[in-house]
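Visitor: Please give me a close look at the enclosed and open spaces inside this protein, and at the residues that line them.

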Amino acid sequence: MIKEVATTPYDDQKPGTSGLRKKVPVFQQEHYAENFIQSVFDSLEGFEGKTLVVGGDGRFFNREVIQKVIALAAGNGFGRVIVGRGGILSTPAASNIIRKYKAFGGLILSASHNPGGPHEDFGIKYNIGNGGPAPEKITDAIFARSKVIDRFRIADLGAIDIDTLGETRAGDMIVQVIDPVTDYAALMETLFDFDAIRALFRSGFRMAFDAMHAVTGPYAKEILENRLGAPDGTARNFVPLPDFGGHHPDPNLVHAKDLYDEMMGPDAPDFGAASDGDGDRNLIIGRGIFVTPSDSLAILAANAHLAPGYKQGLKGIARSMPTSCAADRVAEKLGIGMYETPTGWKFFGNLLDAGLATICGEESAGTGSDHVREKDGLWAVLLWLNVLASRGKSVEEIVAGHWAEFGRNYYSRHDYEEIDSEVANRLMEGLRAKLPNLAGTEVSGRKIVAADDFAYHDPVDESVSRNQGIRILFGGGSRVVFRLSGTGTSGATLRVYIERYEPERAQHRLETQEALGDLIAAADAIAGIRAHTGRSKPSVIT
Ligand code: G16
């Protein structure tokens with residue numbers, strides 16, 4: 001039976017960089033999730049009788065919302081819901097399922113790398129039929145609808161079994177429970193040389209993969225250990241937990257510190273990697289060397305042809321604006337297109353669909369390709385493994401060789417978390433007001449050659465996205481970028497991205513923060529970070 005339930009709108013359901021993210025108690029308010037899901041459906045057309053994919057990273061509240069999605073999908077006339085067993089699907093696996101089964105779209109339940117638990121974060125994101133995050137046109141429509149919504153349509157189904165593989169009838173709809181890993185693992189086998197990677201592990205190559213008690217655990221166990229023959233124990237923390245074991249499932253040097261310390265230690269394995277809450281981010285560490293996400297993108301692009309899925313070469317490379325320009329030099333050498341987009345994976349979708357780019361990446365630890373329409377943590381790890389197996393060199397040798405050939409982009413991101421939103425907005429407005437007068441001036445001994453507020457003109461649909469971050473460009477390819485995070489759930493986070501290009505092979509490897517010292521000082525002088533926020537140092541440096 002389908003019921004139409006009267007509701008009243010919430011005014012805070014604006015999807016951010018990656019869907020709607022809020023604290024669990026916010027999502028637990030009466031009809032909060034129902035309102036948002038119905039607002040998504042109300043913003044779409046033509047899904048009657050079609051398929052919706054749903055899955056999440058297993059965090060606290062995942063199962064409850066999966067049930068709501070199924071009941072609302074039935075109430076709104078979807079023909080089928082495909083759900084990962086136990087409500088589990090990593091973000092890239094969900095993207096693959098949407099594409100493979102030609103679904104109308106999908107709802108991914110995750111707050112990505114943010115912590116989980118009764119008082120932590122939850123999120124809902126809508127992905128379109130190409131498997132990628134909904135473009136701004138749709139997220140704007142969802143927000144507009146959420147502000148006036150007055151009813152939702154829900155089927156009275158009772159609890160649906162999402163733990164047994166197979167199909168069941170739910171009203172007029174079919175619910176199909178699938179194994180979350182099988183289709184994804186099959187896709188990976190088409191892209192990478194599994195034989196070569198198996199031989200690498202057989203030769204004694206040692207790897208540590210930290211799944212951070214998040215969604216990639218089952219994927220890593222199956223692919224790395226069962227299919228590629230890596231020793232038992234290669235995948236660690238591989239059981240997804242609703243609160244990620246109390247940790248922050250963010251694969252960076254702060255939250256994956258144990259792995260980092262091990263990789264820098266005397267008995268380090270050959271290769272260390274980690275992924276985040278929903279499996280779309282990656283961390284890559286060689287023995288004694290951390291590879292920045294920006295360098296990783298450039299190195300993977302330069303070596304992708306070694307993997308069977310990319311042996312024809314790349315059509316182009318895309319990176320988000322704050323990501324370092326290291327990949328630009330690879331594109332230049334390969335003679336292929338380079339696209340600079342705003343932060344957020346959704347901006348890559350059109351480029352991938354149009355065949356303009358094959359590989360994409362972001363400084364925020366996301367790398368991916370046209371195999372799905374999301375960034376993909378394990379994909380990046382497997383491509384690294386394929387490159388290591390083909391080249392027979394260590395991570396350190398590959399990185400050093402890359403710098404020797406292309407030059408090095410020293411790079412760091414400084415995050416100032418939980419600043420008062422008004423203070424953060426004042427700081428950004430102050431910067432915007434200064435922009436017209438910055439070019440030609442000198443700050444901390446560095447000459448500014450250009451400064452702007454990044455606007456993106458999508459070459460495919462010709463849409464324009466403005467105010468995507470302040471860029472201050474210095475001579476010689478160095479720059480500082482400022483933007484406010486679109487994924488936080490309390491206060492504002494100011495991100496400052498600092499980059500310095502060294503064209504020649506660096507004779508002495510400088511420590512990154514030291515190499516960037518004058519640019520860090522310039523960033524404060526230009527934006528007045530201390531003066532506005534009272535903070536003398538960032539909360540997180542990556
Ligand atoms: C999300 C998007 C990414 C984007 C990141 C930026 O990541 O999917 O494409 O780079 O947000 O975050 P912020 O706006 O905080 O800088 P995720 O992994 O949270 O989905």
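Guide: Two residues are in contact when they have heavy atoms within 4.5 Å of each other. Among the contacts in the protein with a separation of 6 or more, 72% join residues 24 or more positions apart. The model is predicted: local features need pLDDT of at least 70 and side-chain atom pairs 80 or more, while totals for chains, interfaces and linings use all residues. Residues are numbered from 1 along each chain as its sequence is written, and side-chain values use heavy atoms, with hydrogens and water left out.

The setting of these spaces comes before the spaces themselves. The protein contains 18 helices and 27 strands; these are DSSP runs numbered from the N terminus, helices (H or I) having at least four residues and strands (E) at least two. Taken along the principal axes, the box filled by the C-alpha atoms is roughly 70 × 60 × 40 Å. Of the 542 residues, 58% are buried, that is, under 20% relative accessible area (over 50% is exposed, in between is partly exposed; 1.4 Å probe, protein chains only).

On a 1 Å grid over the protein atoms alone, a cavity is a set of points where a 1.4 Å probe fits but cannot get out; a pocket is an open set with protein on both sides within 12 Å along at least five of seven lines, and lining residues have an atom within 4 Å of a point. Points are joined across faces, edges and corners, and a volume is the space filled by probe spheres set on them.

The whole structure holds 3 cavities of 30 Å³ or more. The largest cavity encloses about 250 Å³. Its lining consists of 24 residues, and the closest to its centre are Thr-17, Arg-281, Ser-364, Lys-375 and Thr-487. By class, this lining has 12 charged, 10 polar and 2 nonpolar residues. Here Ala, Val, Leu, Ile, Met, Phe, Trp, Tyr, Cys and Pro are nonpolar, Asp, Glu, Lys and Arg are charged, and the others, Gly among them, are polar.

The second largest cavity has a volume of about 90 Å³. Among the 15 residues that line this cavity, Pro-15, Gly-19, Lys-125, Tyr-126 and Thr-139 lie closest to its centre. Its lining comprises 8 nonpolar, 5 polar and 2 charged residues. Strand E6 (121–127) and helix H5 (136–146) each contribute at least two of them, and the largest share, 3 residues, belongs to E6.

Attention may now turn to an open space. The second largest pocket has about 1,000 Å³ of space. Its lining numbers 36 residues, with Gly-16, Thr-17, Leu-484, Ser-485 and Gly-486 closest to the centre. Two or more lining residues come from each of strand E2 (20–23), H5, helix H15 (421–434), strand E25 (479–484) and strand E26 (492–502). H15 gives the most, with 6 residues. By class, the pocket lining divides into 19 polar, 9 charged and 8 nonpolar residues. Thr-17 therefore appears in two of the lists given here: that of the largest cavity and that of this pocket.

One further residue completes the picture. Ile-419 belongs to strand E19 (residues 408–419), and its relative accessibility of 5% is the reason why Ile-419 counts as buried. Beyond its neighbours within four places in sequence, Ile-419 touches Ala-424, Gly-491, Ala-492, Leu-494, Thr-533 and Arg-535. Lys-393, 26 residues from Ile-419 in sequence, is 44 Å away from Ile-419 in space, C-alpha to C-alpha.
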